[in-house]
Structure formats: structure tokens, C-alpha cells
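Thanks for coming, everyone. I'll put the structure up and then walk you through a few things in it.

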Amino acid sequence: MITTGEMQISGMLTMTVLSVMLVICAPGRSTRRISFAKARWMMAGGTGLIALQFLLQHAFGFRQMGVTQAVCCNLLFFTPSSLLCSMSILYMQRQGKVSWKEWLIGSSIYALSAGILIGTAVLDGVPFREESMALRIAEYVSSVLYVVMQTYIFSMQYKAYMRLETAVDEYYDRSRRDLFGWMGLSMKTMALMVFLVPLVIFMQGTPLVLFSISFFFIISYSTISLYTYGVSKDVERVEEAEMSEEGIVKSEKFAPADESNEDSAAAANFSLFTIHSTLNRWIENGHYREHNLTLSIVARQMGVPQKQLQEWLRQSEYKKLAGLVSSLRIKEAQRVLIEHRDWSVESVADYCGFNDRKYFHQVFQQYTGTTPAKFQQNN
């Protein structure tokens, strides 16, 4: 079994490597995307603090002194590290739009926590090398403050994630959670860690080592995912969907009441007499089977304004582009499965426009209540 000392050295090296990767591997991309530049520096700062915490733990042997000393060091470094790592993800979600007030709340909670720990260690009169009941109580209070801070940040992350998901679902031909799915997984694992940390840091031996290993994987996954996302084209795709969604919302929000009513009436007439007919032609030409459709591509193919197409979709039974395209593709898949029984499921999925077999199975079962194979057997 890995010893505490070996775990500390491994953690220090792992976090150092991640910090260096973020600092030196993406400067060119950062100059073109300010939100990623700030996010990577925050994540690098977070992983750097964790590396420093492991270094201090190993150098001074806080775990050998006792639980109280080690936990004090954990909280003093781990809390600001969590703040920086979590805020870096929020920065990517919001394209850098994080207010100073939101920063102030998180920072104030940490400052209060650090003040309680340091003040107690200095004023309680017990040497730091000895166990102190007052310091133990201060650590319990600081642990609660840590949970409060992370819960506050998680609530902001969740709202931002749901907004991204809505924008992407409306803009693309399918749910594109694979574009930023790492955010959701990072949020969930970090939230789980939030409630485990205050309990595990007071433990020793095997439970602590196992938790530390899991923690390394979680932070490494989040860090590497943020880096790969920041240097990829996925950021631009998500931002494109967001800009489309924000354009609709702003036009509805700032339009005068009478003008808004006139526009709604015009859009309704346009929807009834134009989009319906152009939609039929678009379906007849088989455009819905093309891969990676977006709202702008479909609007251009149909020859209609993107805004009006989006409004029409919202008022229709489909609600969003993914709903329209998936419905048409599944109907086509049902026909192909019956008429071409020699085709593989992968071939049917590809022909109908689905990017992969797993997603095809998921959507097919959602619409028909059965799998493609069972549907083919029963028809």
C-alpha cells in the first residue's frame, strides 16, 4: 500500500506537472481567447497551491505531528485552490463574464476561514506541534465555510452549464454535450469532493490515501480537459450557439411593445406561409441527413432568416433544431431498417446523419421505445 509520504510526493509531482503544462503549453491560444487565458492561469494557480501544500506536508511532517496540524495546512491551501479551480471552469462557461462581486464573496469566505485558523493557532497558547482542541474546533468551522463557498460556486456553475446546454441544443442538430461534457463531469466530481473533504481530511491511513488518489484523478481530469477544450475549436462552436441564443433574447427584450407585437405577427405569417413550404423542400432534398447541422446552416439551406426559423421551431412541436432533425432521421431510419435488412446498424446510423452508433441507439429508443435491432426483427 502507498505510504502517506509517497502519496504526498506523487501529489506534489502530479500537480507541478499540471501547473507547468497550463503555463507553458498554450500561450498562443491564450492571446486569441482572453477567457481561456485567465482560466488557465487560475487553474495553474490552483494546482500550484496543491503542489505547495503537499510539499509543506512532506517537508514538515504535519501528518506525523498529528491530525490537527495536517488539517490546518490542508484547509489553508486547499480552500483557495478549490476556489481558483472552480472559478476557472466558471470563466470558461461564461466566456470570462464573472463579476468582482462574485469573486468577492468566494474570497471573503476564504479570508474568514483563514483568519479563524491562523488566529486560533496564534492565540490559543498551545504550541503548533501539540494537539489543540481550540484549533480542532476552528478547523470544523473552516470546513463548514469551505462547503458554503463551494456550494455557492457550484450553484453558479450549474446555472451557466444549463444555459450552455440549452443554447447548444437549440443550435445544433443534436445534443452536443460532448462539446463541453467535461464541465458537467468536473462539476459533479468536485461537488462530491466538497462534501467528502471535510470528513476525509480528519482521517489517517488507507482512507486518506485512497481519497488522495481519487482526488489526483479528478483534478488531473479537470485540468487536462480545460486545457484541451481551450485550445480546440469546441469553444468557438459553443460560443456561436450562445451568440445565436443571446441575439434572440436581446431582440425580444429590447424591442418596443408595439414593434414586438408587429414582429411576432409578421413572424407568424412568415412561419405559416414560407417556412412550412421551404421545410418540405428541405426534407425532400434530404438535407436533414447531413452530419453536424447547425441552425445557421439549415436557415441558409432553406433560404429563411435564422431568427425566424428559431422562433418557428420554438412554437412548433419540435421546440428546437435537434427535435426536428432527430424526428426526421428516426423516421428515415425506420424505413431503411425495413427496406435494407442487410445494412449494419452503423451503416444505417451514418446514412441517416447520426455521428455514432451509441447516440443513434439512444435517440431511436427514445422515439420508438425499442432498439433498432428489435424494431427490424418485429417489422
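**A walk along the first helices**

Okay, let's start with one residue, Ser19, which sits in helix H1, residues 4–24. Keep in mind as we go that this is a predicted model.

So, is Ser19 buried or exposed? Its relative accessibility is 10%, and buried means under 20%, so Ser19 counts as buried. And what does Ser19 touch, if we skip its neighbours within four places in sequence? The answer is Ala44, Thr47 and Gly48.

Now step along to Val20, also in helix H1. This one is partly exposed, because its relative accessible area is 40%, and partly exposed runs from 20% to 50%. Val20 also belongs to a nonpolar patch on the surface, along with Val23, Ile24 and Trp41. Together those residues have about 370 Å² of accessible area. Which element gives the most to that patch? That's H1, with three residues. A bit of background here: an α-helix has 3.6 residues a turn, so residues three or four places apart point the same way.

Next up is helix H3, residues 34–60. Here's a quick check you can do on a helix. H3 has 27 residues, and at 1.5 Å a residue they should span 39 Å, since the expected span uses one less than the number of residues. The end C-alpha atoms of H3 are 39 Å apart, so the model agrees with that. Right after H3 comes Gly61, and its phi is positive, near 60 degrees.

**Zooming out**

What about the whole chain? We have 17 helices and zero strands. Of the 379 residues, 51% are buried. Take the contacts between residues at least 6 apart in sequence: 74% of them join residues at least 24 apart. As for the surface, the chain has about 18100 Å² accessible, and 62% of that belongs to carbon and sulfur atoms.

**How far to trust it**

The average pLDDT for the chain is 85, and 89% of the residues score at least 70. Where is confidence lowest, and where is it highest? The low end is helix H2, residues 27–32, with a mean of 55, while helix H6, residues 100–123, comes out highest at 94. There's also a stretch at residues 249–255 where pLDDT stays under 50. For that stretch, the model has four contacts beyond four places in sequence. Where pLDDT is low, the predicted coordinates should not be read in detail.

That's my tour, so over to you for questions.

Note on methods. Residues are numbered from 1 along each chain as its sequence is written. This is a predicted model: local features need pLDDT of at least 70, side-chain atom pairs count only at pLDDT 80 or more; totals for chains, interfaces and linings use all residues. Side-chain values use heavy atoms; hydrogens and water are left out. Helices (H or I, at least four residues) and strands (E, at least two) are DSSP runs, numbered from the N terminus. Buried means under 20% relative accessible area, exposed over 50%, partly exposed in between (1.4 Å probe, protein chains only). Contact means heavy atoms within 4.5 Å. Patches are made of residues with over 30% relative accessible area and no salt bridge: like charges are joined within 9 Å, nonpolar side chains (Val, Leu, Ile, Met, Phe, Trp, Tyr) within 5 Å. Accessible areas come from the Shrake-Rupley method with a 1.4 Å probe; for residues, only the protein chains shown count as cover. A salt bridge is a side-chain nitrogen of Lys or Arg within 4 Å of a carboxyl oxygen of Asp or Glu. pLDDT is the predictor's confidence in each residue, from 0 to 100.
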